[in-house]
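Trainee: I'd like to learn how to read a model like this one, feature by feature. Could we look at it together?

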Amino acid sequence: MTFFAYHAGELYAEQVPLSRVAQQVGTPAYVYSRAAIENQWRALDDAFGDYPHTICYAVKANSNIAILNLLARLGSGFDIVSEGELRRVLAAGGDPSKVVYSGVAKSVHELEFALKSNVRSINIESVAELHRLQAVAASLGVTASIAIRVNPDVDPETHPYISTGMEKAKFGVTMEAAFEAYKLAHTMPNIEVHGIACHIGSQITKTSPFTDALEIVLNMVKRLAQAGIQIQQLDLGGGLGINYQGETPPAADEYVQAMIAGVAAHGIDLPIAIEPGRYIAGNSGVMLTTVEYTKHNTSKNFAIVDAGMNDLMRPALYQAHHEIIPVRTDSSAEPVSYDVVGPVCESADVLGYERELALQSGDLLAVCSAGAYSFAMSNNYNSRTRPPEVMVDGDQIHVIRRRETFDQLIQGERQLPD
Ligand code: LLP
């Protein structure tokens with residue numbers, strides 16, 4: 001089901017015409033659909049049926065506290081990678097006992113904060129981190145519940161920048177080292193081995209990389225059991241892809257059933273956690289932008305818009321494709337092949353190459369699939385203030401983040417004394 005659709009020639013989010021959002025908050029602006037987000041979360045939750053599971057939404061995909069709060073209300077857990085993300089989850093009413101904490105560089109302070117917050121699992125990414133955690137837990141007089149994030153060396157067949165589970169990646173602990181790390185963890189007085197974790201990459205559009213990684217994880221679970229170490233939870237990471245440009249990733253049901261079947265085939269009966277980010281947020285949002293100018297060179301036509309790579313960096317960073325569609329379809333202009341470019345002083349500031357669009361100055365465009373890794377990766381390059389975020393709920397418009405102001409932009413800066 002799509003929650004962004006045309007009615008009478010105008011693009012809507014649920015029951016709200018996007019031109020109304022633009023009128024209210026200006027552009028560029030991010031617009032999300034509450035129903036879309038909830039629908040995606042429920043699709044995964046329903047797919048598990050009665051099977052014991054926790055959906056730990058990957059906060060990094062879109063960390064607005066309104067979104068975290070909606071998911072917390074559904075009973076979601078969260079996958080975090082920093083103290084900041086944990087603070088957001090707590091501020092949004094999330095349950096720390098459903099939080100898993102990933103990340104390769106957790107500081108002493110971050111580990112302390114996570115332990116004091118009673119997160120479910122700290123997902124250890126190196127032996128050095130394990131030693132640090134033991135020391136921190138001992139100093140606080142608590143026991144740390146951990147998983148080791150193993151690196152199964154599986155090719156997720158996605159963009160190299162978002163592939164994390166191969167041996168040359170900085171993430172996780174290789175399988176042989178992980179076995180030794182578990183044995184070490186088992187002897188540590190302030191560490192309790194809780195689970196095993198694995199995340200191989202993002203925007204994965206086939207089931208096989210997931211099931212290949214699962215096999216490796218399950219073999220490790222059995223090997224650990226033989227060594228007297230009982231795993232209590234399988235954390236299978238995130239990574240389920242979405243449709244940006246005709247990709248056909250597995251449906252929630254297919255993906256979840258493949259996991260459950262893989263586990264059952266080994267005669268293993270353990271709760272599963274997953275860490276989806278993009279699947280929940282990606283197609284639940286668009287970025288609205290206005291055409292400032294059109295410009296026609298001998299070999300190129302440019303649609304110069306008011307949103308740039310600082311607002312949505314995926315095309316510049318990963319050559320990612322985002323569909324760009326008009327908010328109104330009644331333009332009298334001729335369709336022309338445009339490069340849709342932003343205001344930032346970089347040649348990479350392109351939101352989309354060679355897009356057939358009928359437009360003129362002042363027209364509104366929607367950049368699609370902009371709910372995940374979009375606002376979350378925005379920045380202030382060229383001293384541009386970051387856009388507002390809006391949540392549409394039925395016929396209601398909620399501003400869930402105001403447009404940044406110039407005062408906010410410079411608030412931490414100080415000039416030298418005379
Ligand atoms: N768990 C861990 C440990 C992760 O590192 C990630 C994403 C996820 C879960 C969520 O993955 P998802 O379900 O969203 O695929 N900025 C890139 C994506 C980076 C993903 C990083 N890790 C992009 O815009 O495509």
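Mentor: Sure. Let's begin with what pairing means: two strands count as paired if DSSP finds at least two bridges between them. Keep in mind that this is a predicted model.

Trainee: Okay, then how many bridges join β14 to β15, and in which sense do they run?

Mentor: There are 5 bridges between β14 and strand β15 (residues 301-305), and the two run antiparallel. Look at Tyr-293 for one rung of that ladder: its bridge partner in β15 is Ile-304. The two strands make a hairpin, with 4 residues between them.

Trainee: Which other strands does β14 pair with?

Mentor: One is strand β4 (residues 29-33), which pairs with β14 (residues 285-296) in the antiparallel sense over 4 bridges. Here Ala-29 has Leu-288 in β14 as its bridge partner. Another is strand β19 (residues 364-367), joined to β14 by 4 bridges and again antiparallel. On that side, Thr-290 stands opposite Leu-364 in β19.

Trainee: And what about side chains along a strand?

Mentor: As a rule, in a regular strand the side chains alternate between the two faces of the sheet.

Trainee: Let's go to the N-terminal strands. In what order do the 3 strands of the open sheet come?

Mentor: The order is β1-β2-β3, and the pairing is antiparallel. β1 (4-7) and β3 (16-17) each have a single partner strand, so they stand at the edges, and one side of each lacks a neighbour in the sheet. β1 pairs with strand β2 (residues 10-13) over 4 bridges, in the antiparallel sense. If you want a rung to check, take Ala-5, whose bridge partner in β2 is Tyr-12.

Trainee: Which residue in the loop between β2 and β3 should I look at?

Mentor: Glu-14 lies in that loop. Its phi is positive, about 45°, although Glu-14 is not a glycine.

Trainee: Where is there a cis peptide bond?

Mentor: Go to Thr-27 and Pro-28: the bond joining them is cis, with omega about -5°. Pro-28 sits in the loop between α1 (18-25) and β4, and that is the β4 we met as a partner of β14.

Trainee: Now helices. How do I describe a packed pair?

Mentor: Two packed helices are described by the angle between their axes and the distance between the axes. Try helix α2 (residues 34-48) with helix α9 (residues 252-265): the angle is about 40°, and the axes are 9 Å apart. That makes α2 oblique to α9. Their crossing is right-handed.

Trainee: Which residues meet there?

Mentor: From α2 you have Ala-43, Leu-44, Ala-47 and Phe-48, and they meet Ala-252, Asp-253, Val-256 and Gln-257 in α9. By class, this contact has 6 nonpolar, 1 polar and 1 charged residues.

Trainee: At what angle does α2 pack with α3?

Mentor: With helix α3 (residues 65-74), the angle is about 45° and the axes lie 11 Å apart. So α2 is oblique to α3. The handedness of this crossing is right-handed. In α2 the residues are Arg-34, Ile-37, Glu-38 and Trp-41, meeting Ile-67, Leu-70, Leu-71 and Leu-74 in α3. That contact has 6 nonpolar, no polar and 2 charged residues.

Trainee: Last stop, the ligand. How many residues surround the ligand, and which are the closest?

Mentor: There are 21 residues around the ligand, and the closest are Ala-58, Ser-202, Gly-238, Gly-277 and Tyr-373. Two helices to find are α10 (278-281) and α11 (314-318), each of which supplies at least two residues of the shell.

Trainee: What is the make-up of that shell by class?

Mentor: The shell around the ligand has 8 nonpolar, 9 polar and 4 charged residues.

Key: Residues are numbered from 1 along each chain as its sequence is written. This is a predicted model: local features need pLDDT of at least 70, side-chain atom pairs count only at pLDDT 80 or more; totals for chains, interfaces and linings use all residues. Axes are lines fitted to C-alpha atoms, for helices over the stretch in contact, and angles run from 0 to 180 degrees between N-to-C directions. Angles under 35 degrees count as roughly parallel, over 145 as roughly antiparallel, 65 to 115 as roughly perpendicular and the rest as oblique. A crossing is left-handed if the near helix is turned anticlockwise from the far one by less than a right angle, and right-handed if clockwise. Two residues are in contact if their C-beta atoms, placed from the backbone, lie within 7 Å. Ala, Val, Leu, Ile, Met, Phe, Trp, Tyr, Cys and Pro count as nonpolar, Asp, Glu, Lys and Arg as charged, and the others, Gly among them, as polar. A residue is near a molecule or strand if its C-beta atom, placed from the backbone, lies within 6 Å of it.
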